[in-house]
Amino acid sequence: MRRGFLLSLVLVVLSGLVPFAGTAAAAPAVCPDAVVPPPPVDTSEQPPPGVAAPAPLPVPKAAVGGARMGECGVVHPSGAAVPPGTTAASWLVQDLDTGEVLAAKNPHARQRPASLIKTLLALVVIRELKPEQIIVPTVEDASQECTCVGLVAGGRYTVDLLLHGLLMHSGNDVAHAFATALGGVPATERKMNDLAAELGATDTRAATPSGLDGPGMSASAYDMSLIFNYAMKQPEFAASIATRAVQIPAQPGKPAFSIVNDNKLLGTYPGFLGGKTGFTDDARHTYVGAAEQNGRRVAVVLMRAENRPTPVVNQAKALLDYGFALARTNASPVGHLVSPAAPEVTADGAASDSGVADAGVAVEKDPFGVTGWILTLVVAVIIVAGFVIGHHRKKRQGPQAS
């Protein structure tokens with residue numbers, strides 16, 4: 001009787017474990033624009049004749065930044081006030097110091113960044129070029145599709161001055177001049193994309209240094225928040241976006257002139273630290289900005305927004321207000337920004353590349369495997385069952401003669 005019971009128990013354990021071994025985790029919801037941005041409205045993203053369009057970026061199996069970052073629509077803390085309405089297809093509010101995501105909408109939806117991608121270019125410039133280095137723009141640099149600072153071909157400009165022009169006035173001529181100094185446009189795009197991968201920005205592909213639309217251009221509110229968070233740790237970047245005006249010195253054939261920061265919240269929103277605006281026909285309006293109030297720093301990103309019926313800067317202001325309100329109540333975060341991938345030093349002093357575990361693409365697998373643990377458990381159950389059966393049999397038969 002007991003033997004039959006124990007054998008049944010083993011079968012029940014096996015029947016419960018086998019489906020577990022073969023069942024994959026539930027697939028995340030498929031949100032709008034999960035793989036590629038919406039279709040373009042013009043021909044700016046068509047590759048040159050004979051060149052194939054780049055394949056879409058892989059989508060990580062697990063949402064980068066936590067499970068809620070894979071949700072569709074508005075994501076906010078349970079019990080918290082509903083975020084203000086915006087025209088943006090996706091947005092994200094973060095605590096700039098902790099990297100906590102306070103609220104979001106379609107955070108990993110793939111959109112076009114427009115000039116927000118200049119943040120990534122600025123980071124490459126800061127890494128590779130010295131602030132006092134002189135750059136002499138070429139004719140091609142100075143004749144880019146504008147918005148432009150107004151560089152003169154053959155003029156002489158410091159990297160620091162051009163960095164201000166890139167971020168304050170979104171100069172496409174400056175972006176191209178930087179690309180030339182960094183080894184050319186293709187090399188610069190590779191460096192930008194390598195850095196995006198290093199930071200864990202899995203939705204991002206820079207197709208142009210300036211943010212003008214190009215084949216395969218992609219980003220997300222999550223990625224731009226991640227990149228901006230990293231950028232704000234770089235003093236040169238933080239100083240540039242906080243500058244209200246700077247003078248461009250006279251060049252051959254052109255007198256000196258001033259450029260003014262085009263971010264309208266600078267000087268008008270309490271504690272505003274600076275940001276970046278962007279627009280193309282395909283990307284629509286994009287925006288990133290940050291502010292500090294009562295010792296807390298909050299940043300917002302908006303993607304694919306419209307200026308009507310409410311200007312995008314006012315929508316950003318409303319999201320900043322909402323973020324500070326959440327910070328005051330210590331509401332639970334809905335996600336987090338991943339840390340940049342970096343070599344980790346092991347106990348024996350050797351370096352190992354840890355990757356970005358949150359991306360679901362670089363998590364080390366258990367070498368023993370699920371199947372190994374299941375078989376071990378089954379064997380243990382059988383051994384215990386055999387011991388109990390043997391003990392019961394010995395007790396029933398009584399003592400044995402020696």
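This report describes the cores, helix packing, disulfides and some backbone features of a predicted model.

## Nonpolar cores

The largest nonpolar core contains 63 residues. Val125, Leu163, Leu166, Phe178, Tyr222, Phe228 and Phe237 have the most contacts inside it. Helix α7, residues 221-231, supplies the largest share of this core, with 8 residues. A second core, separate from this one, has 23 residues, including Ala88, Val300, Leu320 and Tyr322.

Tyr222 shows how a core residue can meet parts of the chain that lie elsewhere in the sequence. Leaving out residues up to four places away, Tyr222 touches Val64, Gly65, Met69, Leu92, Pro107, His108, His336, Leu337 and Val338.

## Packing of helices α2, α4 and α5

Two packed helices are described by the angle between their axes and the distance between the axes. Helix α4 (residues 159-168) and helix α5 (residues 172-181) have axes that come within 8 Å and cross at roughly 135 degrees. The cut-off for roughly antiparallel is over 145 degrees, and α4 and α5 are therefore oblique to each other. The crossing of α4 past α5 is left-handed. On the α4 side the contact is made by Val159, Leu162, Leu163 and Leu166. On the α5 side it is made by Val174, Ala175 and Phe178.

Helix α4 also packs against helix α2 (residues 118-128), at an angle of about 170 degrees and with the axes 10 Å apart. This angle makes α2 roughly antiparallel to α4. Lys118, Leu121, Ala122, Val125 and Ile126 of α2 meet Val159, Leu163, Leu166 and Leu167 of α4. An α-helix has 3.6 residues a turn, so residues three or four places apart point the same way.

## The surroundings of helix α5

Helix α5 is mostly covered, with 8 of its 10 residues buried. The buried residues are Asn172, Asp173, Val174, Ala175, His176, Ala177, Phe178 and Ala179. Among the elements that cover them are helices α2, α3 (139-142), α4 and α6 (185-199), together with strand β4 (134-135). Just after α5 comes Gly183, which has a positive phi of about 115 degrees.

## Disulfides

The structure has 2 disulfides. Counting the bonded cysteines in sequence order, the pairing is 1-2, 3-4. One disulfide joins Cys31 to Cys72, with an S to S distance of 2.0 Å. The torsion about this S-S bond is about -90 degrees, so the disulfide is left-handed. Cys31 and Cys72 both lie in the loop between α1 (2-22) and β1 (74-75), and the pair ties together parts that are 41 residues apart in sequence. Cys31 has a relative accessibility of 14% and counts as buried, whereas Cys72, at 34%, counts as partly exposed.

The other disulfide is formed by Cys146 and Cys148, whose sulfur atoms are 2.1 Å apart. The torsion about the S-S bond is about -100 degrees, so this disulfide is left-handed. Cys146 counts as exposed at 54% relative accessibility, while Cys148 is buried at 15%.

## Strand β6 and Ala245

Ala245 belongs to strand β6, residues 245-248. Its relative accessibility is 47%, and the cut-off for exposed is over 50%, so Ala245 counts as partly exposed.

Apart from neighbours within four places in sequence, Ala245 is in contact with Met168, Ile259 and Val260. The C-alpha atom of Ala245 is 9.1 Å from that of His164, a residue 81 places away along the chain.

## Unusual backbone geometry

Most residues other than glycine have a negative phi, and most peptide bonds are trans. Ala114 has a positive phi, near 50 degrees. Ala114 sits in the loop between β3 (100-105) and α2, and is buried, with a relative accessible area of 0%. Asn330 also has a positive phi, near 55 degrees. Asn330 lies in the loop between α9 and β11 (335-336), and is exposed, with a relative accessible area of 62%.

The peptide bond from Arg308 to Pro309 is cis, with omega near 5 degrees. Pro309 is in the loop between β10 (296-305) and α9 (312-329).

How values were computed:
Residues are numbered from 1 along each chain as its sequence is written. This is a predicted model: local features need pLDDT of at least 70, side-chain atom pairs count only at pLDDT 80 or more; totals for chains, interfaces and linings use all residues. Side-chain values use heavy atoms; hydrogens and water are left out. A nonpolar core is a set of buried Ala, Val, Leu, Ile, Met, Phe, Trp, Tyr and Cys residues joined through side-chain atoms within 4.5 Å. Buried means under 20% relative accessible area, exposed over 50%, partly exposed in between (1.4 Å probe, protein chains only). Helices (H or I, at least four residues) and strands (E, at least two) are DSSP runs, numbered from the N terminus. Contact means heavy atoms within 4.5 Å. A disulfide is a pair of cysteine sulfur atoms within 2.5 Å. Axes are lines fitted to C-alpha atoms, for helices over the stretch in contact, and angles run from 0 to 180 degrees between N-to-C directions. Angles under 35 degrees count as roughly parallel, over 145 as roughly antiparallel, 65 to 115 as roughly perpendicular and the rest as oblique. A crossing is left-handed if the near helix is turned anticlockwise from the far one by less than a right angle, and right-handed if clockwise.
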